[in-house]
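Let's take a walk through this structure, one piece at a time. Keep the viewer open as you read.

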Amino acid sequence: MNLSDIKSLLNASVLTKKCVLDQDVHSAFSSDMMSNVLAYANNKSILITGLYNAQVLRTAEMMGMACVVFIGRREPDAQIIELADDLGICVMLTRFSMFTTCGKLYCSGLNGGVPSER
Amino acid sequence: MSDSIHYEYQVSAEDFTRAGEASSDIKSKLKRMGVAPEAIRKVAIAMYEGEINMVIHANGGKIFVDIRPNQVEMQLKDNGPGIPNIDQAMQEGFSTAPEQILSLGFGAGMGLPNMRNNTDEMHIDSTLGMGTTVTMRVNF
């Protein structure tokens, strides 16, 4: 699955200026606790979160993640999108709930990327 | 040691938005030097966890980084309240973070254990009322 497929599945809008939509991803991690992302996520995952702050992008950066999907009906602040563009991380926004977002992606082949769950 | 490159960063506790800039800078430098991606990832995660800890628990401080041919050493010095029980603080899930920090996505009690998990050596020196120094090394 690539980022373009994820965008379509989630009916998401891309908020960053740059987003390489043909890059492949194999797993996803969803959490509003960045502590858990840093401890358990796979570096090839995308991050799904309802938390809106700059540290979400910093966390994704440290983990080497290519994309952050924000859950919600409002766009993150321009400062957050600007940071994502600087870091080369694609940011999407979906109006689906966290549960529905994860369900759609899981049913389409993404896994959690956590070794203990395999 | 002549083949070591030294960097220093001031970490301010006043602006949560800027937390992580030092870790981001070191990550970029290591990438440009051609260090192995897995080692870069470990350094980035460990240093970022430490930097966040300095901001949320210790009113900021200073980070000293030495990049050597086969190792990165990070020393994080804060002037915070100190850690009363280091063994307890190293347990996954132990946290003293207030609700406000949890709402920012941190303070789940994973920081110090994750720093240990991502480094080859880690040492904590803490004095109550004086501050804490965490020294970490990642070999590559």
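Start with the charged pairs: over all chains, the count comes to seven salt bridges. Bear in mind that this is a predicted model, with every value below computed from its atoms. As a reminder of the idea, side chains of opposite charge can pair when their charged atoms come close.

A good first stop is helix α1 of chain B, which covers residues 21-33. Inside that helix, B:Lys29 and B:Asp25 sit four residues apart, about one turn of the helix. Their side chains meet in a salt bridge, with N to O at 2.7 Å. How do the two partners fare for accessibility, buried or partly exposed? B:Lys29 has 15% relative accessibility, so it counts as buried, while B:Asp25 comes in at 27% and is therefore partly exposed. The cut-off at work here is 20%: anything under that is called buried.

B:Glu21 has a salt bridge too, this time with B:Arg18, at 3.0 Å from N to O. With a relative accessible area of 32%, B:Glu21 is partly exposed.

Now move along chain B to B:Glu73, which pairs with B:Arg68 in a salt bridge whose closest N and O atoms are 3.4 Å apart. Both B:Glu73 and B:Arg68 are buried. This pair belongs to something wider: salt bridges with shared partners join B:Arg68, B:Glu73, B:Glu121 and B:Arg137 into one network.

So much for charges; next come the cysteines. As a quick refresher, a disulfide is a covalent bond between the sulfur atoms of two cysteines. How many disulfides does the structure hold over all chains? There is one, and A:Cys19 and A:Cys90 form it, with their sulfur atoms 2.0 Å apart. Where do these two cysteines lie in chain A? A:Cys19 is in the loop between β1 (13-14) and β2 (27-30), whereas A:Cys90 is in strand β5 (residues 90-94), so the bond ties together parts that are 71 residues apart in sequence. The torsion about the S-S bond is about -85°, which makes this disulfide left-handed. The two ends have their own surroundings: A:Cys19 is partly exposed at 22% relative accessibility, and A:Cys90 is buried at 1%.

What about A:Cys67, and why does it not bond to A:Cys90? The closest cysteine sulfur to that of A:Cys67 is indeed the one in A:Cys90, but at 4.4 Å it is too far for a bond, given that a disulfide needs the sulfur atoms within 2.5 Å. A:Cys67 is buried, at 0% relative accessibility. A:Cys102 is in no disulfide either, and its nearest cysteine sulfur, in A:Cys107, is 11 Å away. At 25% relative accessibility, A:Cys102 counts as partly exposed.

Staying in chain A, have a look at helix α4, residues 78-87. Which residues of this helix are buried? They are A:Ile80, A:Ile81, A:Leu83, A:Ala84 and A:Asp85. The buried residues of α4(A) pack against α3 (54-63), β4 (67-71) and β5 of chain A; that last element is the strand in which A:Cys90 lies. Just after the helix, A:Gly88 takes a positive phi of about 70°.

Go back towards the start of chain A and you'll find A:Asn2, in the segment before α1 (3-9). It counts as buried, with 17% relative accessibility. The side chain of A:Asn2 reaches the backbone nitrogen of A:Ser4 at 3.1 Å. Setting aside neighbours within four places in sequence, A:Asn2 is in contact with A:Leu21, A:Asp22, A:Gln23, A:Asp24 and A:Val25.

Last, see where the chains meet. The contact takes 25 residues from chain B and 23 residues from chain A. Between them the chains bury about 1,800 Å², 55% of it on carbon and sulfur atoms. How many salt bridges are there between chain B and chain A? The count is zero, though there are 14 residue pairs in polar contact, both residues at pLDDT 80 or more. On the side of chain B that touches chain A, α1 and α2 (37-57) each supply at least two residues, and the largest share, six residues, comes from α2(B). By type, the residues on that side divide into 11 nonpolar, eight polar and six charged.

Definitions and conventions
Residues numbered from 1 in each chain as written. Chains lettered and ligands numbered in written order. Heavy atoms only, no water. Buried < 20%, exposed > 50% of the residue type's maximum accessible area, 1.4 Å probe, protein only. Salt bridge = Lys/Arg side-chain N within 4 Å of Asp/Glu carboxyl O. Contact = heavy atoms within 4.5 Å. Buried area = accessible area lost by both parts, 1.4 Å probe. Polar contact = N/O pair within 3.5 Å; in protein donor to acceptor, adjacent residues only side chain to side chain. Nonpolar A, V, L, I, M, F, W, Y, C, P; charged D, E, K, R; others polar.
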